[in-house]
Amino acid sequence: MDLFCNVSSCFRVCLIGNQAFSLVNFRGPLIADMVAAGHRVIALAPDYDEGTRSAVRALGAEPVDFSLSRTGMNPMRDLLDMLRLAFLLRRLRPDLTLGYGIKPVIYGTIAAWLAGVPMRFSMIEGLGYVFTPPEGREPLKRRVLRGIVENLYRTALGRATRAIFLNKDDVQEFVSRGLVSSDKAFLLGGIGVDLDEWKPAPPVKHPITFLLAARLLREKGIVEYAEAARLVRSRYPDVRFILLGGLDTNPGGLRRDEIEAWVSEGILEWKGHVPDVRPWLAQASVYVLPSYREGVPRSTQEAMAMARPVITTDAPGCRETVVDGVNGFLVPPRDVGALADAMERFVLEPELIGRMGAASRRIAEERFDVRIINKRMMEAMGLLEIGSKIYSIPHKLI
């Protein structure tokens, strides 16, 4: 790869993730580009198996296990894991760390600070369950949990070199809440996709097929998707609705019996977690993500790269991917009627599928090319060489 020049001063970079699968699937191109630029990359995850370990090595990085509970709030377990991570980082002696996901951002950043790592970067890919406004009155337990998480973020990001965000709404929320100072915030705008791997597929008009791929969380709009599917199928029984994704232990996770009830009713086809979404996107007419809030959803970027129209919500992160009426439609969060109406547009006007799909691909090429995004991110982290001088980290990047 000759996209990036080799850096004369090699950095030792530690990526801290909460799942080995996500390191390969979401950080794979970034790892490859860092390695190509001459850096040594060490990829930390708590759940390696032989497959993911081999995949990380194939990218040119070194897989390393560490202890982390991805979900749940056990303060003693998290504290011990953080201290173990600090000792591990002291032994590995990286020049910089990059944590992504709530616990790697919080505990990984603090651990890196305790270990004396010179540069500590945090990627906020979405604000998740505790920052997503509930429908109706917010329970006391949730308010208390958000207060705890805010304090943890404030402590961790106060010790970060940079906090990388994917959308401006999250930047504004963190700055306004005092969780990060504005001079540390860097707006990236999506992690991007490899446009050579996610190629346009021919439009599908028979049968009209809608697809949603996500972790099975209420905040992803899964319930609204099923209810809108029920409305549309009552009028157009030949329309297909596919749901991809595995059950999740997150507090907002749906139960198996809820999903299976929709399947038994004939509303949805549930395929569970699939290792490769591309064959499913190839048979879909339209991609749907009725999420309440996102960073900038990777699944939507993948669908756009494969020339699929998108229906999503006019919510933080989601709205970054759709130009309403151009490559899809924006609907209000939690609005089943508006979602069903947007779906019906494609049933009644199937010519929109090809036209809006082509617009999605154009937007993906302009805004979500992973090679361009990786270059911006590596520049912000001081990992690229400009001429003969290492790129210095700017003071303010928003």
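Two strands pair if DSSP finds at least two bridges between them. With that in hand I looked up β11 and strand β12 (residues 310-313): 3 bridges join them, and the two run parallel. I note that the model is a predicted one.

Entry, β11 and its neighbours. I took the bridge partners next. Leu289 of β11 has Thr312 as its bridge partner in β12. I then checked strand β8 (residues 209-213), which is joined to β11 by 2 bridges and also runs parallel to β11. Here the bridge partner of Phe210 is Val286 in β11.

Entry, side chains of β11. Which way do the residues of strand β11 (residues 286-289) point? I found Val286 and Val288 pointing one way, with Tyr287 and Leu289 pointing the other way. I recorded all of them as buried.

Entry, the whole chain. I counted 15 helices and 15 strands. The radius of gyration is 21 Å, close to the 21 Å from the globule rule for 398 residues, so the chain is as compact as a globular protein of that length. I read the span of the C-alpha trace along its principal axes as about 60 × 50 × 40 Å.

Entry, burial and contacts. I noted that 56% of the 398 residues count as buried. Among contacts with a separation of 6 or more, I found that 71% come from residues 24 or more positions apart.

Entry, surface and charge. I have the accessible surface of the chain at about 16,500 Å², with 53% of it belonging to carbon and sulfur atoms. For the 52 positive and 47 negative charges, I noted mean positions 5 Å apart.

Methods: Residues numbered from 1 in each chain as written. Predicted model: local features only at pLDDT ≥ 70, side-chain atom pairs only at ≥ 80, totals over all residues. Heavy atoms only, no water. Helix = DSSP H or I, 4+ residues; strand = E, 2+ residues; numbered from the N terminus. Rg over C-alpha atoms; globule rule 2.2 N^0.38 Å. Buried < 20%, exposed > 50% of the residue type's maximum accessible area, 1.4 Å probe, protein only. Contact = heavy atoms within 4.5 Å. Areas by Shrake-Rupley, 256 points an atom, 1.4 Å probe, with all protein chains shown as cover. Lys, Arg positive; Asp, Glu negative; His and termini not counted. Charge placed at Lys NZ, Arg CZ, Asp CG, Glu CD.
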